[in-house]
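Student: Could you walk me through this one? I am new to it and would like to ask things as we go.

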Amino acid sequence: MTACSYMPSVSGDKVLGIVTPYRLEVVQGNVLTKELVARVKPGMPRAQVRDLLGSPLLTDIFHEDRWDYVFTIRRQGAEPQKRQVVAWFEGERLKSLEVPDDLPTENDFVASINTRSKRGDLPKLELSEAERKALPIPPKREVPAAEAMGVQRSYPPLESKP
């Protein structure tokens with residue numbers, strides 16, 4: 001029993017001081033970015049708003065004129081995020097959209113959830129025009145003639161010669 005009394009406790013994200021347990025990624029709701037929200041304009045019908053932003057996470061039968069788009073993400077190695085966008089309707093038309101000030105652009109959102117460590121320079125993905133011209137020209141392949149398919153039969157001529 002005295003040996004067990006020296007067990008290190010859980011500190012931070014590590015158990016026993018060495019092991020980091022796996023944490024499940026939890027993503028809920030719709031990812032809304034500045035680009036998506038900018039496409040939505042007052043006066044749009046509900047169906048069009050749903051097409052652009054997706055189905056709202058929260059709708060309430062007591063507040064039919066309000067749709068709540070809530071987004072939360074918890075990812076290991078990244079800060080948890082929570083955002084809420086509220087769409088207000090007047091009848092079947094969008095009246096206004098409440099957007100938080102910290103709504104990210106698509107690039108900012110991807111960068112905020114990227115948990116891979118930066119490993120120096122990014123790989124080069126495109127060739128310059130000079131590099132394209134320096135590439136060898138691939139040899140032209142001759143396309144073989146189409147081969148007849150199926151059973152080959154020879155028939156006598158339709159007209160017989162005397």
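Tutor: We can start with the whole chain and then turn to single residues.

Student: Okay, what should I know about the model and the numbering?

Tutor: This is a predicted model, in which local features need pLDDT of at least 70 and side-chain atom pairs count only at pLDDT 80 or more, while totals for chains, interfaces and linings use all residues. Residues are numbered from 1 along each chain as its sequence is written, and side-chain values use heavy atoms, with hydrogens and water left out.

Student: How many helices and strands does the protein chain have?

Tutor: The protein chain has 4 helices and 5 strands, where helices (H or I, at least four residues) and strands (E, at least two) are DSSP runs numbered from the N terminus. Read from the N terminus on, the order of the elements is β-α-α-β-β-β-β-α-α.

Student: Which strand holds glutamine 81, and is the residue buried or exposed?

Tutor: Glutamine 81 belongs to strand β4, residues 81-90. Its relative accessibility is 11%, so glutamine 81 counts as buried, since buried means under 20% relative accessible area, exposed over 50% and partly exposed in between, with a 1.4 Å probe and protein chains only.

Student: What is glutamine 81 in contact with?

Tutor: Leaving aside neighbours within four places in sequence, glutamine 81 is in contact (heavy atoms within 4.5 Å) with Phe71, Thr72, Ile73, Phe109, Ser112 and Ile113.

Student: Two Phe in that list. How are the rings of phenylalanine 71 and phenylalanine 109 placed?

Tutor: The count of aromatic pairs comes to 2, with rings of Phe, Tyr and Trp (its six-membered ring) pairing if their centres lie within 6.5 Å, and planes under 30 degrees apart counting as stacked, over 60 as edge-to-face and the rest as tilted. The rings of phenylalanine 71 and phenylalanine 109 have centres 5.6 Å apart and planes at 70°, so this pair is edge-to-face. Phenylalanine 71 is in strand β3 (residues 63-74) and phenylalanine 109 in helix α3 (residues 106-113), so the pair ties together parts that are 38 residues apart in sequence. Both phenylalanine 71 and phenylalanine 109 are buried.

Student: Back to β4, then: how many bridges join it to β5?

Tutor: There are 5 bridges between β4 and strand β5 (residues 93-98), and the two run antiparallel; strands pair if DSSP finds at least two bridges between them. Glutamate 90 has arginine 93 in β5 as its bridge partner. β4 and β5 form a hairpin with 2 residues between them, and glycine 91 in the turn has a positive phi of about 75°.
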